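Got your viewer open? Load the model shown here and follow along, one selection at a time.

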Amino acid sequence: MISIVVVIVAFVALYNYLMNAATYLRLEPDTIASGKVGGECKIDVDYDGYVWVINHKPDWVEVEESENHFDIIVSPNTDGQYREGCITVQSGKLVVQTIIKQLGVATKLSLSKTNLNFDKYGGTEFLSIETDGCKWSTSSPEWLSVSSDNDAVRIKCAKNNGQYRTGRIIFSEDNISTSIFVTQGGECNNCGGDGEVQCTSCFGMGGSGFGMFYTQCFFCGGAGKFKCNVCNGSGERE
């Protein structure tokens, strides 16, 4: 009986020693700033004890513990409001915290390209988007479609059976936006596919006056037309 009591007392003493052996306890980093989208971060635990425990965390943070560090996963903030919380780590009587601050709105939205060009047959292009948000939206002309493809943005352009056309895709989230300008080849929109445009000096008449008073237009040489300088006379614009 005495032996059992001695063992119990020794065990309790050892437990208390292990739990209270630390004389210093630090977390690195001690403050984390996260964007709306959330993310992961590693927190190092620096101490001279044997045991540490996490006794508090926000409900929007997940924690995965290891021997001398723990990884935190901050959930996306879809409430639209700034939030702040802390993770509390304890070793014996020592208690320290890592503060977690998270934005509720996106502050950054940029694209890897600012212009795209498709030929008249259409096609698909990919670009990357950099943002600290988590759910951007787009508006675009009906001949363009935009979708997310893993970490890339996929832009599909339909075949163009008409004139050369342009459009702009606007990406937005919360109070910020960015855009990409898109062009697509087709029939020249300057000459209507004719390859020629009316002379602006004689209005296509080739000259002015009647009979002996007729004067040939100096600018177009009497043709009444010029070769279209937009499509260089081809009738199509790329």
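Start with residue 109: Leu109 has Thr131 in strand 11 as its bridge partner. Keep in mind throughout that this is a predicted model.

Now widen the selection to residues 123–131, which make up strand 11. Strand 9 runs antiparallel to strand 11, and the pair is held in register by 3 bridges. Zoom out a little and you'll see the open sheet that both belong to: 4 strands in the order 9-11-14-13, paired antiparallel. Which strands sit at the edges? Colour 109–111 and 144–149: these are strand 9 and strand 13, and each pairs on one side only. Look along the sheet and follow the twist, which averages 30° from one strand to the next.

Next, jump to the surface. Select Phe218, Phe219 and Phe226, and show their side chains: together they make a nonpolar patch of about 390 Å². Click on Phe219, in the loop between strand 20 (215–216) and strand 21 (225–227). Is Phe219 buried or exposed? Phe219 is exposed, at a relative accessible area of 56%.

Time for the cysteines. Pick Cys191 and Cys231 and check the sulfur atoms: Cys231 holds the closest cysteine sulfur to that of Cys191, at 3.7 Å. A disulfide needs the two sulfurs within 2.5 Å, so this pair is too far apart for a bond. Add Cys228 to the selection: its nearest cysteine sulfur is also that of Cys231, 3.7 Å away, and Cys228 is in no disulfide. By the distance rule, the count of disulfides comes to 0. As for accessibility, Cys191 counts as buried at 8%, and Cys228 is buried at 0%.

A few backbone stops remain. Select Glu28 and Pro29 and look at the peptide bond joining them: it is cis, with omega about 0°. Pro29 lies in the loop between strand 1 (25–28) and strand 2 (31–34).

Then go to Asp174, in the loop that links strand 15 (165–173) and strand 16 (176–184). Asp174 is not a glycine, yet its phi is positive, about 55°. With 41% relative accessibility, Asp174 counts as partly exposed.

Finish at Asn232, in the loop between strand 21 and strand 22 (236–237). What is the sign of phi at Asn232? Positive, at about 60°, although Asn232 is not a glycine either. Asn232 counts as exposed, at 55% relative accessibility.

Note on methods:
Residues are numbered from 1 along each chain as its sequence is written. This is a predicted model: local features need pLDDT of at least 70, side-chain atom pairs count only at pLDDT 80 or more; totals for chains, interfaces and linings use all residues. Side-chain values use heavy atoms; hydrogens and water are left out. Two strands pair if DSSP finds at least two bridges between them. Helices (H or I, at least four residues) and strands (E, at least two) are DSSP runs, numbered from the N terminus. Axes are lines fitted to C-alpha atoms, for helices over the stretch in contact, and angles run from 0 to 180 degrees between N-to-C directions. Patches are made of residues with over 30% relative accessible area and no salt bridge: like charges are joined within 9 Å, nonpolar side chains (Val, Leu, Ile, Met, Phe, Trp, Tyr) within 5 Å. Accessible areas come from the Shrake-Rupley method with a 1.4 Å probe; for residues, only the protein chains shown count as cover. A salt bridge is a side-chain nitrogen of Lys or Arg within 4 Å of a carboxyl oxygen of Asp or Glu. Buried means under 20% relative accessible area, exposed over 50%, partly exposed in between (1.4 Å probe, protein chains only).
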